[in-house]
Amino acid sequence: MTDPAEAVGSTLAANLRAARQARGWRLEELAGRSGVSRNMLQQIETCRTNPSIATLARISATLGIPIGRLVEPPEELGHVARRDDAPTRPGGRESVFRLLINDTTVPFTELWELRLAAHDEVSAGAHPAGTRELLHVHEGTVTVEVGGATFAVGPGDALRMRGDRPHAYRNTRAEPARLTMTVVYAGVSDPRYREIGDAASQGGTVAW
């Protein structure tokens, strides 16, 4: 198991080095500006010491960034979701919905990849009030029904729609259609969101 102190030290070292280099400063320049010795700065950047809060405060003030950002772990800055690990949801006969990535913070956003088989249709119930969906068709043509409205979305087209109404995606052509879809909740996730989130983090099949 990774030592938490070592993990914080490694993160601090990398973040401090990146912040200093982004400004084009050498260790000597940061030392002169902050009042923290060059030797101390070098030890921090090589994970050979744990600086005091006072030292971190001087460094962060000089760099013009919060102390929290100096110890912010990489996973807080970004996360790569591998396509092969993405959970899938069967839809219709041969259609597949793949959850590429989701965000577990408000407003709870999901990014999906859809492959809609020829002459296939997938229906979905209404998401919580205020949910929006954004679709972009890459290949084929998709007919989308939302409430009582119908939209034909062709290659390169995009659609903004209400996700809090019953809706359906239909492919009436002889070729499969491929599109991506972003679902944005309005602060209240779908009751099925936890299950989807668990599958997204572990890989597997999502059932709606």
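This passage walks through the fold of a predicted model, from the overall make-up to the sheet, the cores and the helices.

Start with the big picture. The protein chain holds 7 helices and 10 strands. Of its 208 residues, 37% are buried. Contacts reach well along the chain: taking those between residues at least 6 apart in sequence, 65% link residues at least 24 apart. The accessible surface of the protein chain adds up to about 11,400 Å², and carbon and sulfur atoms account for 51% of that.

Next comes the sheet. Four strands build an open sheet in the order β4-β9-β6-β7, and the pairing is antiparallel. The edges go to β4 (120-124) and β7, each of which has a single partner strand, so one side of each has no neighbour in the sheet. Ignoring direction, neighbouring strands here are turned by 15 degrees against each other on average. At one end of the order, β4 and β9 pair in the antiparallel sense over 5 bridges, with Glu121 finding its bridge partner in β9 at Arg170.

Strand β6 (residues 142-146) is worth a stop of its own. Coverage is the rule there, with 4 of its 5 residues buried. On one flank, β6 runs antiparallel to strand β9 (residues 167-171), and 4 bridges join the two; Glu145 sits opposite Ala168 of β9 in this pairing. On the other flank, β6 pairs with strand β7 (residues 149-153), again in the antiparallel sense, over 5 bridges. Thr143 faces Ala152 of β7. The link between β6 and β7 is a hairpin with 2 residues between the strands, and Gly147 in the turn shows a positive phi of about 60 degrees.

What, then, fills the interior? The largest nonpolar core counts 21 residues, and those touching the most other members are Trp112, Leu135, Val142, Val144, Tyr169 and Met181. At least two residues of this core come from each of β2 (95-103), β3 (109-116), β5 (132-139), β6, β8 (158-162) and β10 (177-184). The largest share belongs to β10, which puts in 4 residues. There is also a second, separate core of 15 residues, with Trp25, Leu30, Ala31 and Leu41 among them. Back in the largest core, Val142 gives a good idea of the packing. Leaving aside residues up to four places away in sequence, Val142 touches Leu116, Val137, Phe151, Ala152, Val153, Tyr169, Arg170, Ala177 and Leu179.

On to the helices, beginning with α4 (residues 53-63). Its buried residues are Thr55, Leu56, Ile59, Ser60 and Leu63. Viewed down the axis of α4, these residues stay within an arc of 125 degrees, so they line one face of the helix. Turned away from that buried side, the other face carries Ile53 and Ala61, both exposed. Just past the end of α4 comes Gly64, whose phi is positive at about 75 degrees.

Finally, a look at helix α1 (residues 4-22), where Ala5 is found. Ala5 is partly exposed, as its relative accessible area is 44%. Between Ala5 and Asn50 lie 8.7 Å in space, C-alpha to C-alpha, although the two are 45 residues apart in sequence.

Terms used
Residues are numbered from 1 along each chain as its sequence is written. This is a predicted model: local features need pLDDT of at least 70, side-chain atom pairs count only at pLDDT 80 or more; totals for chains, interfaces and linings use all residues. Side-chain values use heavy atoms; hydrogens and water are left out. Buried means under 20% relative accessible area, exposed over 50%, partly exposed in between (1.4 Å probe, protein chains only). Two strands pair if DSSP finds at least two bridges between them. The arc is that of the directions from the helix axis to the C-beta atoms. A nonpolar core is a set of buried Ala, Val, Leu, Ile, Met, Phe, Trp, Tyr and Cys residues joined through side-chain atoms within 4.5 Å. Contact means heavy atoms within 4.5 Å. Accessible areas come from the Shrake-Rupley method with a 1.4 Å probe; for residues, only the protein chains shown count as cover. Axes are lines fitted to C-alpha atoms, for helices over the stretch in contact, and angles run from 0 to 180 degrees between N-to-C directions.
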